[in-house]
Amino acid sequence: METTEAKECTATATEALQAEIMKIYAELNDSSDADGLDFVGSTAQAVAYERNLESKRKDRLFNDTLAKHFVGTKGEKCSKMINKHLGLAYGIENVHIGYTGARTKLINDNLESWIDKKHGDKVQCVNLGAGADTRVFWLESLKKVQSYTEVDTAEINNYKDKVFSDLNVKPLCERRAISLNFSKESVKDLPNHGFESSLSTCWILEGLIMYLKREDIESLLKELSDLSSNGSYLILNFIKQDGDEYISAVLEDNGWKHEKTLFYGDAEFDYGRFPPGSKTTTLGFAFWEK
């Protein structure tokens, strides 16, 4: 049985770690550095940092050859903060690094499967809140799609344009980068930026809705549903919370059929990156067909 003294030491260590996390968060939220990104922007750099780590492994799940160019000034620091924070919740060291590798592979596999099912039909992919996603340059199956659209803020897209300007790379299909002014525009305005609602669309929402309020999530899902023709597909990343059943209700009411839900650590969402015998019940993906 744990002694009172041991419990007090554990509590003190936890409080110190939480204080360290908050200090790093404040530093990351300062957008005055050379990249000009706030905390949300720094999470894009963190994902790039972790995708680069995965790409350097001998048993890598994918090879994101461009991720290293988008780590920027905050990627490593933000990754360490995220892993410390989630480490408190799950008791697993560097849980987000493995999670990033596994979820990138999961998206790739299900995106490729959807493309193959379309049997050469003209289709498009849209990544909402794309961050530093670069798969349009290296995921071979994207050669079969009409276009791959990355939607994010002007700050993120300007940062990416700056990095790409120094790289000699060509996308595997038409690449579109759309900057939305979210104070004036929303997903319903995508047709004003070249989105073709007549084509079946694979929507990727990775690391997005956990930053949004309920009313914003409902509006987002309704608007993308209105733009989705039959045969469209939704890859929805989420963190399970009490009361989030409304998400399924909104999608069902708007013509979507649930295909599957997976949590990190499930057999289909493991890829050798999750500690054996463990499982999360919060870090999830839901897949929907229209």
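Which residues does N127 touch, not counting residues up to four places away in sequence? In this predicted model, the partners of N127 are D133, R135, Y148, T149, E150, V151 and I204. N127 lies in strand β1. Its relative accessible area is 1%, so N127 is buried. The C-alpha atoms of N127 and L205 are separated by 6.2 Å. Along the chain, these two residues are 78 residues apart.

The overall architecture comes next. The protein has seven helices and seven strands. From the N terminus on, the order of elements is α-α-α-α-β-β-α-β-β-α-β-α-β-β. The chain has 290 residues, and 50% of them count as buried. The exposed surface of the protein is about 14100 Å². Carbon and sulfur atoms supply 49% of that surface. Among contacts with a separation of 6 or more, 74% join residues 24 or more positions apart.

Two helix pairs were examined, both involving α4. Helix α2 spans residues 39-55 and helix α4 spans residues 95-117. The two pack at an angle of about 80°, and their axes are 9 Å apart. An angle of 65 to 115 degrees counts as roughly perpendicular, so α2 and α4 are roughly perpendicular to each other. On the α2 side, the contact is made by V47, E50, R51, L53 and E54. These meet H96, I97, T100, G101, R103 and T104 in α4. By class, the contact of α2 with α4 holds three nonpolar, four polar and four charged residues.

Helix α3 also packs on α4. The axes of α3 and α4 come within 7 Å and cross at roughly 105°. This pair is therefore roughly perpendicular as well. Helix α3 contributes S79, I82, N83, L86, G87 and Y90 to the contact. Helix α4 contributes V95, H96 and I97. The residues of the α3 contact with α4 divide into five nonpolar, four polar and no charged. H96 and I97 of α4 thus appear in the contact with α2 and in the contact with α3.

The nonpolar interior was then analysed. In soluble globular proteins, nonpolar side chains tend to be buried together. Here, the largest nonpolar core has 49 residues. Within it, L111, L142 and I235 touch the most other members. Elements giving two or more residues to this core are α2, α3 (75-90), α4, β1 (123-128), α5 (154-164), β4 (200-205), β5 (233-239) and β7 (283-289). The largest share comes from α4, with eight residues. L142 is in contact with L111, I115, C125, R135, V136, Y148, L172 and C173, leaving aside its neighbours within four places in sequence. A second, separate core has 28 residues. Its members include L128, I178, F195 and L227.

Two further asparagines are set beside N127. N110 lies in helix α4. Its relative accessibility is 8%, so N110 counts as buried. Beyond four places in sequence, N110 is in contact with Y233, I235, E259, K260 and F287. One of these partners, F287, is 177 residues away along the chain. The C-alpha atoms of N110 and F287 are separated by 8.7 Å. N158 lies in helix α5. At 48% relative accessibility, N158 counts as partly exposed. The C-alpha atoms of N158 and A177 are separated by 9.7 Å. These two residues are 19 residues apart along the chain.

Backbone geometry was checked at two loop positions. N94 is not a glycine, yet has a positive phi of about 55°. N94 sits in the loop between α3 and α4. Its relative accessibility is 39%, so N94 counts as partly exposed. Y271 is not a glycine either, and has a positive phi of about 55°. Y271 is found in the loop between β6 (257-263) and β7. With 23% relative accessibility, Y271 counts as partly exposed.

Notes: Residues numbered from 1 in each chain as written. Predicted model: local features only at pLDDT ≥ 70, side-chain atom pairs only at ≥ 80, totals over all residues. Heavy atoms only, no water. Axes fitted to C-alpha atoms, helices over the stretch in contact; angles between N-to-C directions. Helix = DSSP H or I, 4+ residues; strand = E, 2+ residues; numbered from the N terminus. Parallel < 35°, antiparallel > 145°, perpendicular 65-115°, else oblique. Contact = heavy atoms within 4.5 Å. Nonpolar A, V, L, I, M, F, W, Y, C, P; charged D, E, K, R; others polar. Core = buried A, V, L, I, M, F, W, Y, C linked by side-chain atoms within 4.5 Å. Buried < 20%, exposed > 50% of the residue type's maximum accessible area, 1.4 Å probe, protein only. Areas by Shrake-Rupley, 256 points an atom, 1.4 Å probe, with all protein chains shown as cover.
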